[in-house]
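User: Hi, could you take a close look at one part of this model for me? I'd like one connected walk through it, not a list.
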Amino acid sequence: MRTVYEERVAEARAIEGHVIGGRDTCVPVPKFGDVCRVLWPDKTAAHIAAIGQRDERTAKRWLSGEYEPPASVLAAIINKMFER
């Protein structure tokens with residue numbers, strides 16, 4: 001019979017080499033949320049969600065820096081910054 005420790009070691013060896021997806025964050029634009037809040041002070045997440053054609057929860061994650069916003073959203077932000 002194996003002890004509890006030996007079973008855990010055997011389990012660890014069995015799963016070795018398997019890739020388990022994590023929740024790493026990528027923040028290429030650290031000021032993204034700040035810029036968006038200046039451009040749209042009211043309902044910022046709703047505006048970004050409409051631009052990116054996603055739900056508001058996803059836009060909140062973009063604003064917090066948890067996830068990277070798509071390039072189309074970044075392009076829309078840049079256009080908004082330089083419009084007259």
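The part I'm asking about is α4 and the core that it helps to supply.

Analyst: Sure, with a little housekeeping to begin. This is a predicted model, so to speak of local features we need pLDDT of at least 70, and side-chain atom pairs count only at pLDDT 80 or more, while totals for chains, interfaces and linings use all residues. Residues are numbered from 1 along each chain as its sequence is written, and side-chain values use heavy atoms, with hydrogens and water left out.

Now the setting. The protein has five helices and zero strands; both kinds of element are DSSP runs numbered from the N terminus (helices are H or I with at least four residues, strands are E with at least two). Of its 84 residues, 19% count as buried. Buried means under 20% relative accessible area, exposed means over 50%, and partly exposed is in between, with a 1.4 Å probe and protein chains only.

On to α4, which covers residues 56-64. Ala-59, Trp-62 and Leu-63 are its buried residues. They sit on the same side of α4, because they cover an arc of only 95° around the axis (the arc is that of the directions from the helix axis to the C-beta atoms). That pattern has a simple background: an α-helix has 3.6 residues a turn, so residues three or four places apart point the same way. Go round to the other side of α4 and you find Arg-57 and Ser-64, which are exposed. Just after the helix, Gly-65 takes a positive phi of about 90°.

What does the buried side face? Its residues pack against α2, α3 and α5, where a contact means heavy atoms within 4.5 Å. Take Ala-59: setting aside neighbours within four places in sequence, Ala-59 is in contact with Ala-45, Ile-48 and Ala-49. Leu-63 is also touched by Thr-44, a residue of α3 (residues 44-52). Thr-44 counts as buried because its relative accessibility is 9%, and beyond four places in sequence Thr-44 touches Cys-36 and Arg-37 as well.

Trp-62, for its part, is one of the contacts of Val-73, a residue of α5. Val-73 is buried, since its relative accessible area is 0%. Aside from neighbours within four places in sequence, Val-73 also contacts Phe-32, Ile-48, Ile-51 and Gly-52. The pairing with Ile-48 spans 25 residues in sequence, yet the two are 7.3 Å apart in space, C-alpha to C-alpha.

Put these together and you get the largest nonpolar core, with eleven residues: Phe-32, Cys-36, Trp-40, Ala-45, Ile-48, Ala-49, Ala-59, Trp-62, Leu-63, Val-73 and Ile-77. At least two residues each come from α2 (32-39), α3, α4 and α5 (71-82). A nonpolar core here is a set of buried Ala, Val, Leu, Ile, Met, Phe, Trp, Tyr and Cys residues joined through side-chain atoms within 4.5 Å. In soluble globular proteins, nonpolar side chains tend to be buried together.

A quick look at the loops either side of α3. Lys-43 is in the loop between α2 and α3, and has a positive phi of about 55° although it is not a glycine; Lys-43 counts as exposed because its relative accessibility is 69%. Gln-53 is in the loop between α3 and α4, also with a positive phi of about 55° and also not a glycine. Gln-53 is exposed, as its relative accessible area is 73%.

Last, follow α5 out from the core. Met-81 lies in this helix and is partly exposed, since its relative accessible area is 41%. The side chains of Lys-80 and Glu-83 meet in a salt bridge (3.2 Å, N to O), and the whole structure has one salt bridge; the term means a side-chain nitrogen of Lys or Arg within 4 Å of a carboxyl oxygen of Asp or Glu. Lys-80 counts as partly exposed because its relative accessibility is 29%.
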